[in-house]
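Please go through the structure below with an eye on charge pairs and packing. A short report follows.

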Amino acid sequence: MREADSRRLSAIVALAGLAASVAVTVAAGQDQNFDLITYHFYLGYSAFHERLAQDFFAASTVGYQSPLPFALLYLLDSLGVAPLFNAALHAALHAVNLLLLFLLTRQLASGTPARDDAWLLVAFWLAGAVAPIYWNLVGTSFADLLACAPVLGALWLAAGSLAQEGGGAPPAMRRLAAAGLLIGLAVAVRVHNVVFAAALALALCLPPGRGKPAALAAFGGAALAAWLVAGAPHAWSLYREFGNPVFPFFNGVFRSPDFPPASLAMGILVPQSLADALSLPFRIAQPRAWVYTEMALADVRPAVLVLAAAGAGLAWALRRFAGARAAIAPPRRLIMLFFVFGGALWLASSANARFGAALFLLAGPLAGSLLAGFLPRRYALLALAGVLAWQLALQLGPRPGRWPAAPWSARYLDWELPAAAARQPAVYLSFGSQTASTLAPRVHAASRHANLVGAMPLEVDLPGAERMRRLIETPGVPRYGVFDFDYTQQSDPAAADVRRYFAAQVRRWGLEFSGQPCQPLGLRPPSEGWQQLNRLAGVRGRGAPPRLILCELRAASVSERDDAMREYLRFRQRLAPLAQTCPQVLDAGSLSAVRVSGTWLVSSLASLEYRLEVEDDGAFSMQLLRPPFSTAPLGRIGDGGVMVRDRDCATWFARLVRAG
């Protein structure tokens, strides 16, 4: 392919990817995903306003990661840029991944007949560009596609360096250093990318050669420099405030006094056996949630890649048996090694498609280039056309494969708040897995925010309680409880009034509800102009908008607080035998028991996937905190001990999944 034609094709691919990304984003509506509400928007706010000392777990445990990938969304919103244009700009940045994917596709074709075949190159690229995880995330607040671009860019630069005079010449070293800068940036903005930094370093080591130490030094030194500039300041801030540079993660190592000395479980989707790992590419092809990501995003391409690799391996063995030898071009070899190492590390660390977006984009071109290696051109194109048709049929089906969204409006998360909220500092204590952290940018800047009941509630007798008490007891300001409206939608009649539902839990922290009525909080509806635009574009909301309930709190009497503490300690004593005999279910050092009407909701760092529900009569069950949200009865807890239906705690979770 001539150089001019190659550049023209790259430009066409870039424009097509950009147009499709923006179009899908605009048609999907205003992003309203769970994580945006829980911590993305708050992290963007914290990039411009120091909150570490002022707030405490305002956005739950995930609210302490790097704010860099969320800063642009918040900055544009604070400057009055409407979410439609904000999201479109993010989609354009996300589309850089598709251009880099095409450049990598051309490198994968190096040393093969496909390198000069425009139809095959485009087919390879399309097989990667239809990755459902990309179209699930494009234009949203998730940081994964922004953080994926420097990973793919680093891989492209590193592969290109191997094509330059053996990889040791000054131009090649400069490309390797640039690759190191990008991979270091990728790790700084998204710590999960450390697996890809390791994978690229390992791939560069093979095969060993005379110039490798210098090349690896250039790559590694540049990566470290980029991380020191973009990632170290945030890590240092966390260390200075909490004594843990990745707070609250890995606190079993760093031992911050403000969190239990344990490490948060992060591998919910990690295969539990070799059989699980080997079957994963085929299970991904099924439209089921929580297989490789939180949503049901069927992807047939990993299974096709496995079959293509098997076919290519058989063809290679037959050629070797016949005495034929063929060298693999260095750029092609590097990309393949990166995929193998990166895939293995991704499987072992998270197995979450959002964190492995680079792998799912690369899976298509890899499968295509392997098919073209042992199939005639015509059959390779037919096979890829079939894969594309199959995948598009899955993605264009009745289930959109997108996160919840709202009709377009003038601002993200534009809460209708009392006028005093902007004038007067206050303490806001949120109750809910979906935190109220998005209030922080909308209320007085001196207000303080914490989450008392969330994915991992802090407890009154666990590390972090003293910091939480100091925040709650901030002198001279009013205190408010902010409750998720969904609490009131349960079948339990007591839940209709959050003051009754959470009375005992609030008293344990030395608080009670004031005599003032609670106030519902909702988002401002779109203006008439935005409503007209939504009608013209056919944009409708998917999922209910967030709603909150704001209740004023005051100090409880000492006797009421002591009564609530005695009730809690009695329950902990009853629960202790179960925690001791089933540490894989309950980590005794991080137990949290939320008291609601007639029930204790028990969670721990043993797993954030489930919780125990213990009724006042002693009956207890386990509830799955993700789809299908099933519940399985387990037994009874009494003063005489614990009676269970199945003494093997290891089977409880499997039974819970089967119950759904």
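Is Glu-613 buried or exposed? Glu-613 is buried, because its relative accessible area is 16% and the cut-off for buried is under 20%. The model is a predicted one.

**Salt bridges**

Glu-613 has a charged partner. Arg-611 forms a salt bridge with Glu-613, and their closest N and O atoms are 3.3 Å apart. Arg-611 is partly exposed, at 24% relative accessible area. A further set of salt bridges shares partners: Asp-144, Arg-190, Glu-294 and Arg-354 are joined in one network.

In total, the count of salt bridges is 24. One of the pairs is Asp-144 with Arg-354, whose side chains meet at 3.2 Å, N to O. This pair links distant parts of the chain, 210 residues apart. Asp-144 belongs to helix α8, residues 144-162. Arg-354 sits in the loop between α16 (330-349) and α17 (357-374). Asp-144 is buried, with 4% relative accessible area. Arg-354 is buried as well, with 6%.

Asp-414 and Arg-524 also meet in a salt bridge, at 3.0 Å from N to O. Asp-414 lies in the loop between β2 (405-406) and α19 (419-423), and Arg-524 in the loop between β7 (519-521) and α23 (528-537), so the salt bridge ties together parts that are 110 residues apart in sequence. Asp-414 is buried, at 17% relative accessible area. Arg-524 is partly exposed, at 40%.

The three pairs are set out here.

| Salt bridge | N to O distance |
|---|---|
| Asp-144 and Arg-354 | 3.2 Å |
| Asp-414 and Arg-524 | 3.0 Å |
| Arg-611 and Glu-613 | 3.3 Å |

**Charge and surface**

How many positive and negative side chains does the protein chain have? There are 57 positive and 42 negative ones. The centres of the two sets lie 10 Å apart. The accessible surface comes to about 28100 Å². Carbon and sulfur atoms hold 62% of that surface.

**Overall fold**

The protein chain contains 25 helices and 14 strands. The C-alpha trace spans about 85 × 60 × 50 Å along its principal axes. The radius of gyration is 27 Å, which agrees with the value near 26 Å for a compact globule of 660 residues. Of the 660 residues, 53% count as buried. Among contacts with a separation of 6 or more, 69% are between residues 24 or more positions apart.

**Helix α3**

Which residues of helix α3 are buried? In this helix, residues 68-78, they are Pro-69, Phe-70, Ala-71, Leu-73, Tyr-74, Leu-76 and Asp-77. The buried residues of α3 pack against α2 (34-46), α4 (83-94), α8 and α9 (170-189). Helix α8 is also where Asp-144 is found. Gly-80 follows α3 and has a positive phi, near 90°.

**Arg-507**

Arg-507 lies in helix α22, residues 503-508. At 27% relative accessibility, Arg-507 is partly exposed. What does Arg-507 contact, leaving aside its neighbours within four places in sequence? The contacts are Glu-560, Arg-561 and Ala-564. Asp-563 is 56 residues from Arg-507 along the chain, and the C-alpha atoms of the two are separated by 8.6 Å.

Definitions and conventions. Residues numbered from 1 in each chain as written. Predicted model: local features only at pLDDT ≥ 70, side-chain atom pairs only at ≥ 80, totals over all residues. Heavy atoms only, no water. Helix = DSSP H or I, 4+ residues; strand = E, 2+ residues; numbered from the N terminus. Rg over C-alpha atoms; globule rule 2.2 N^0.38 Å. Buried < 20%, exposed > 50% of the residue type's maximum accessible area, 1.4 Å probe, protein only. Contact = heavy atoms within 4.5 Å. Areas by Shrake-Rupley, 256 points an atom, 1.4 Å probe, with all protein chains shown as cover. Lys, Arg positive; Asp, Glu negative; His and termini not counted. Charge placed at Lys NZ, Arg CZ, Asp CG, Glu CD. Salt bridge = Lys/Arg side-chain N within 4 Å of Asp/Glu carboxyl O.
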